[in-house]
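The following exercises are to be solved with the sequence and the model at hand. Each task is followed by a solution in steps.

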Amino acid sequence: MTGPTPGSVARAGTVGGGPERPPVLELRQVRAAYGRIEVLRGVDLAVPEGAVVALLGRNGAGKTTTLNVISGQLPATHGSVMLAGRRVDGASADQLARLGVCTVPEGRGVFPNLTVHENLRLFTYRGVALDQVEAETFARFPRLQARRKQLAGTLSGGEQQMLALARALTTRPAVLLLDELSMGLAPIVVEELYAQVAKIATEGISVLVVEQFARTVLAVADLAAVMHHGAIHHVGRPDAIMDQLSDAYLGNLS
Amino acid sequence: MDWNKLLELTIYGVALASIYAIAASGLVVTYTTSGIFNFAHGAIGMLMAFTYWQVRVQWGLPTWLSLLIVLGFVAPFTGAVIERTLIRNLRAAPLAVTLVVTAALMVGLMGVATVLWPPDQSRSLPAFFTGKTVSIGSTIVTYQQLLTIGLAVLLAILLKALFTWTRTGIAMRAVVDSRDLVALNGGRPVMLSTLSWALGAMLAGLAGILLASGPIGIGLVIEALTLVVINAYAAALFGRLRSIPLTFVGALIIGLAQQYTVGYSITKNAFFNTQIVPVVPYLLLFVALLLMPEGRLRGAQLVHAIKIRVPSLRTSVIWSGVLVLGGWVVAELVTGTNLTTISKGLAIGIIMLSLVPLTGYAGQISLCQMTFAGIGAFAMSRVASSGTTVGFGSLGIGNGSPLGLLAAFVLAAAVGALIALPAIRLQGLYLALATMAFAVIMSSAFFEGGAIFGTGSTDAGAVQRPDFGMFSLSSNGAYLVFLSVVFGLVAIGVLALRRGPFGRRLLALRDSPAAVATLGGSPTRTKLLVFSLSAGLAGLGGALYGGVDRNVTPGQFSFFGPPGSLAVFVLAVVGGVATVTGPLIGGQLLLLVPVFFTWLGTKLKTDLTPYAQVLFGLAGIGLGRNPGGAVVEISTRFRALVSGRMPRETEMEANGPPIEALLVPGSPLGAPIAESQLLELDALLDLEEVSGLGRA
């Protein structure tokens, strides 16, 4: 298991052609299907160490499916998924989670019928002690400390996402997968959350983020990839992506 | 007030409650982590009690070692194996299928126990600490009672500790919220599930052993042990199948209520004592269910899509004609008891047809169809006869008046509506359990009461065959042909219903009650109507069933039978409850398989009846792999064989058009999809992602 080393942040650079060290996460010609409908048709994507990569695209382009394949929730029918240079496709979701793939799924990253404390307890599968998880979480999000004994389902939407993000912040993942962090939240809360995401990246953790609020995410991303029709069509620096691609193509730029 | 008696009854009640609590908490543990209600829980407890007898008494091992072997090894292993082989495949299966699989498992395990420990030998377990007692005042308390109560308290503490202080326990609760998220955290939902079933089986086993060795006089009797553990289901319902503390409260209420009703009514009303007291747990189960808050209307959920053709009117008429012709041929060729057995199978088939609109189309579950059948037989016996004097007397319209059939339909439909009124707001599993409670209560309080069908020697159980004047149905062959005609007519009617607007509403109700409500329909009224219609059809079938032997017995309309409501439901689903051919096959299976095994047994000079039970269990378990039922499976394969390719899909069982329809016409699967069709695909895929069922 490769512990991410702060400082070796590979900013920019071409995706796929890693310099000396392999990218933390790499997808090669990944195909995946729901039943007989093929949704991913050869996805090539690389997330360099310590980079924030934004995955954009209209509904149905295959963004969430891509995350599902990486996190082990959907098997790839073809191609390979590499984690720090080693093939991991075929591993189960829980194995990948223990290896350091931290996934915050769309809209439901917490267990509503467990207390905040019990939610934190389940973060420890990755190997970080509970005391440390609690200390770090409450240091980052003091609001959660007061709600330690409260059911997570009774927290506000923003607080729930904070709790979900806390797993990424405290369990030292190799790569963080975020799906629609903004769903159903006020823009100001979204800004706050993404400020935390940017902070995570400066600590050397690689982030792959799927987001509808393209402007917000492009502000913190190092690289942006545009998906269409189950494949990556464009990869580039966020400003270039912003300029080159028409709003219509991207769907809803916030 | 006799304080000593009260104290004594209370101690007995608390000891009994302790056993219920142990069994019920096992049920809760398995339900919460796997989402599957384990009907076989009681049977597992029974099997473990027998295993304990084998080790402790037969092999003479010391008590502590026997307990260790059974509870520490055999029970957890059994539970884990059941989870791995059966339960795991059921995650995305419809509720009816999960119920049938576990119910079949129950019957199968009872069969296994009968094979291994033939009931012709009487067995008993020694009590723990035999003879040792303490006195509280003048009340004597046995060590066994104290042990039982102590174990329940200890388990309550241990379970509480497991679920709040250990990560594994917290993860087990987390699985209820989101299985996927547990995996994303690094937990292993699959392991947690296996673990919970192992734990559940252990608790069932402990309850079984305590019951069989305890003072309440159950002993090692297969049916009785299985059934008493079912009493614990009511306790689990008090905890809404979720909360262990509330489950313990529920167990206490049931245990005490049972002991007090036994203790305080011994001299008063004989009917109350013999017919009501035994079903007190079921009455409480019913009450607990009615007190449940109304759940939120469920939205759309994708279950395994099963493709089922709906025959046109012409096709259904033709096939009904073929059925009648077949009935006529059978009537000419077969004689004696074989003929009446086939007739009974056909009548049961009509009762099973009543489940097609209810379960097959609307997705609602009723475990009391034989109760309605009994009500139908009762109506027939009272309306269409002249002589009966027992109980409710007779209308005396005349022997075999066809009005009796009408009365059977109307009375059963009315009772169906009456029972549906309070229970219909319950969804899924809870409705199923409410109907089970109703079946057990009616069986004991109504049919077994003697006033309805007598107690064997009277003529109260006489049910006339309908008499249409011009053609006589007095010969058994003619009656079989008549049953074929009725089956055909009901099948045509049910299919016509399916093709019409009401049928569409039933399917909508099954796929998404919330959508029905938002479109302005009333899920409750639709359910009420279909429940009532189904009860009526079952009543009609019951009246005709009674006519086969011209006589019925109370046991036929009980929950366990034979034939019994449970078996009727199981075999209807096994046959294929969304088709009309399924009930035809299911009815024959129910009646002919035991006959076949008895025949084979006499040839081989061994008793093979338990093996029939095991086979029955296997049939239901096989359903877990082919949830559409036998008919669908066979016809799909047959068509594929005939045409050399997979059949054309005329209709998807799930709502919406087939996924293939979204593809560009003529393009092979997986080819690019036109831009304009992407949006439709979005909706489809989003749905699959949300429900988590899209992953093959």
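**Exercise 1: Salt bridges of chain A**

A:Glu26 is buried at 11% relative accessibility, where buried means under 20% relative accessible area, exposed over 50%, and partly exposed in between, with a 1.4 Å probe and protein chains only. The model is a predicted one, in which local features need pLDDT of at least 70 and side-chain atom pairs count only at pLDDT 80 or more, whereas totals for chains, interfaces and linings use all residues. Residues are numbered from 1 along each chain as its sequence is written, chains are lettered from A and ligands numbered from 1 in the order in which they are written, and side-chain values use heavy atoms, with hydrogens and water left out.

Task: Determine with which residue A:Arg28 forms a salt bridge, and classify A:Arg28 by accessibility.

Solution.
- Step 1. Apply the criterion: a side-chain nitrogen of Lys or Arg within 4 Å of a carboxyl oxygen of Asp or Glu.
- Step 2. The partner of A:Arg28 is A:Glu26, and the closest N and O atoms are 3.2 Å apart.
- Step 3. A:Arg28 has 39% relative accessibility and therefore counts as partly exposed.

Task: Locate the salt bridges of A:Arg148 and A:Arg172 in the chain.

Solution.
- Step 1. A:Arg148 pairs with A:Glu134, with 3.1 Å between the closest N and O atoms.
- Step 2. This pair links distant parts of the chain, 14 residues apart: A:Arg148 is in the loop between helix H5 (142-146) and helix H6 (157-170) of chain A, and A:Glu134 is in helix H4 (residues 130-140) of chain A. Helices (H or I, at least four residues) and strands (E, at least two) are DSSP runs, numbered from the N terminus.
- Step 3. A:Arg148 is partly exposed at 24% relative accessibility, whereas A:Glu134 is buried at 12%.
- Step 4. A:Arg172 forms its salt bridge with A:Glu136, the closest N and O atoms being 2.9 Å apart.
- Step 5. Here the partners are 36 residues apart, with A:Arg172 in the loop between H6 and strand S7 (175-179) of chain A and A:Glu136 in helix H4 of chain A.
- Step 6. A:Arg172 is partly exposed, with a relative accessible area of 39%; A:Glu136 is partly exposed as well, at 21%.
- Step 7. Salt bridges with shared partners also join A:Arg143, A:Arg147 and A:Glu159 into one network.
- Step 8. Over all chains, a search of the whole structure finds twelve salt bridges.

**Exercise 2: Helix crossings in chain B**

Task: Describe the crossing of helix H2 (residues 41-58) and helix H3 (residues 63-85) of chain B.

Solution.
- Step 1. The axes are lines fitted to C-alpha atoms, for helices over the stretch in contact, and angles run from 0 to 180 degrees between N-to-C directions.
- Step 2. The axes of H2(B) and H3(B) come within 9 Å and cross at roughly 145 degrees.
- Step 3. The crossing of H2(B) and H3(B) is right-handed; a crossing is left-handed if the near helix is turned anticlockwise from the far one by less than a right angle, and right-handed if clockwise.
- Step 4. Contact means heavy atoms within 4.5 Å. Residues making it include B:Ile44, B:Met48 and B:Tyr52 of H2(B) and B:Leu67, B:Val70 and B:Val74 of H3(B).
- Step 5. By class, the contact of H2(B) with H3(B) has ten nonpolar, four polar and one charged residues. Ala, Val, Leu, Ile, Met, Phe, Trp, Tyr, Cys and Pro count as nonpolar, Asp, Glu, Lys and Arg as charged, and the others, Gly among them, as polar.

Task: Describe the crossing of helix H4 (residues 95-116) and helix H9 (residues 222-238) of chain B.

Solution.
- Step 1. The axes of H4(B) and H9(B) come within 10 Å, crossing at roughly 145 degrees.
- Step 2. The crossing of H4(B) and H9(B) is right-handed.
- Step 3. H4(B) contributes B:Met106, B:Met110, B:Ala113 and B:Thr114 to the contact, and H9(B) contributes B:Ile222, B:Glu223, B:Thr226 and B:Ile230.
- Step 4. The residues of this contact are five nonpolar, two polar and one charged.

**Exercise 3: Chain B as a whole**

Task: State how many helices and strands chain B has, and what share of its residues is buried.

Solution.
- Step 1. Chain B has 27 helices and two strands.
- Step 2. Of the 696 residues in chain B, 55% are buried.

**Exercise 4: Positive phi in chain A**

Task: Place A:Ala84 and A:His229 in chain A.

Solution.
- Step 1. A:Ala84, with phi near 50 degrees, is in the loop between strand S4 (78-83) and strand S5 (86-87) of chain A.
- Step 2. A:His229, with phi near 60 degrees, lies in the loop between strand S9 (223-228) and strand S10 (231-236) of chain A.
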